[in-house]
Amino acid sequence: RRARRRPRRQASLPRAQAGMHRRSSSGSVDDEAPAPAQRKLVWFVRHAEALHNVSKDSSQRDPGLTDNGRAQAQALATSGSLDVGPDLIVSSPLKRTLETAVLALPRDAHPDVRRVATPLAQEIGTSNADTGRPRADIAADFGAEFDLSEVEDMWYVKPAPWCKTRRITLDPGQQALRERKVHLAHWLQAQRATRIVLVTHHGFICHLLGVELANCEVAAVELTRAGEWVERKVRGVQRMPIVGGDGKPVVHKGSRPLRAQASTILKHYGASALAASEQAAGTESAISASRRRIMLALQAAAVAALLTTAVWRVLPLLRSK
């Protein structure tokens, strides 16, 4: 007799990658089955100014916000930029993002909105500044505000995507980052919420969206059913390709070429980069306009050809009558 084969058990994903709903910090229970993929609106927020943003010293582990950063987050709360009716607030578990979320999205303004911290939204670097704390330490400071069920032991350990000294990308880290971006999209799609505010980091936003944000700047993005990110047009927000002083497109640690608002380019790269970026934006607009004219001309020619064909077919019928 042939021995019966036992069915293999499928390897389980980490909780942050599984995309399953579970009990929230408010005590509500979501369905255990993943929600069907649906269109999501996500407002990405870069955290407010943190200590290492000013000191340029990344040796302190998981730094918090400066006094100016706290003021930025409080100003964001009253600016109207996040008055979008969110039904889910998500944050990286790093201190600067959690502090920004608490101040920019106060509990009294969003009393019934579920708040979750997930390592999928953490920063891409491996310096002390980008290395988080154990879950117990996070819970002591933010356990009353956030559902920390996605935060597992050693959640902050990740391969580096970039070698600072040699200024080259590192394949294991880049691959891990690509996988994390996919897992984040799946995780968000598995949530019931359709209007989500996500507080995260500069480098992660650069790699995920190809957009550079200043501290507390917001980007409104649609996550399609196919898992693609499409930035939505917002009145008063216009981003252009960032061109450095050397005339080359600006990237961040292996990201695609970046786009940003003029004010962000001026602040991060200076006046010469802004002038080069504006020139590139003008060239890009001219090329786009030329392409639109060509497409309209081709469409007009196609319509004219169809009309001509129809007339030649109808004429013999009319003459026969």
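These legends go with close-up views of a predicted model.

**View 1. A nonpolar patch on the surface.** Three residues make up this patch: Ile294, Met295 and Leu298. Put together, they offer about 300 Å² of accessible area. To find Leu298, look in helix H9, which covers residues 271-320. Leu298 has a relative accessible area of 52%, so it counts as exposed, the cut-off being over 50%.

**View 2. The largest nonpolar core.** Here we're looking at a set of 29 residues. Trp43, Val45, Leu76, Leu82, Ile138 and Val197 are the ones with the most contacts inside this core. Several elements chip in with at least two core residues each: strands E1 (40-46), E6 (195-200) and E7 (218-223), plus helices H3 (67-79), H4 (95-104) and H5 (135-142). There's another core lying apart from this one, with 26 residues, including Leu88, Val90, Ile196 and Phe204.

**View 3. Zooming in on Ile138.** Ile138 is one of the residues with the most contacts inside the largest nonpolar core. Setting aside residues up to four places away in sequence, Ile138 touches Pro93, Leu98, Arg133, Gly143, Leu148, Val151 and Trp155.

**View 4. Thr224 in its loop.** Thr224 sits in the loop that runs between E7 and strand E8 (229-231). Is this loop residue buried or exposed? Thr224 comes in at 16% relative accessibility, so it counts as buried, for which the cut-off is under 20%. If you skip its neighbours within four places in sequence, the contacts of Thr224 are Gln189 and Val230.

Methods: Residues numbered from 1 in each chain as written. Predicted model: local features only at pLDDT ≥ 70, side-chain atom pairs only at ≥ 80, totals over all residues. Heavy atoms only, no water. Patch = residues over 30% accessible without salt bridge, like charges linked within 9 Å, V, L, I, M, F, W, Y side chains within 5 Å. Areas by Shrake-Rupley, 256 points an atom, 1.4 Å probe, with all protein chains shown as cover. Salt bridge = Lys/Arg side-chain N within 4 Å of Asp/Glu carboxyl O. Helix = DSSP H or I, 4+ residues; strand = E, 2+ residues; numbered from the N terminus. Buried < 20%, exposed > 50% of the residue type's maximum accessible area, 1.4 Å probe, protein only. Core = buried A, V, L, I, M, F, W, Y, C linked by side-chain atoms within 4.5 Å. Contact = heavy atoms within 4.5 Å.
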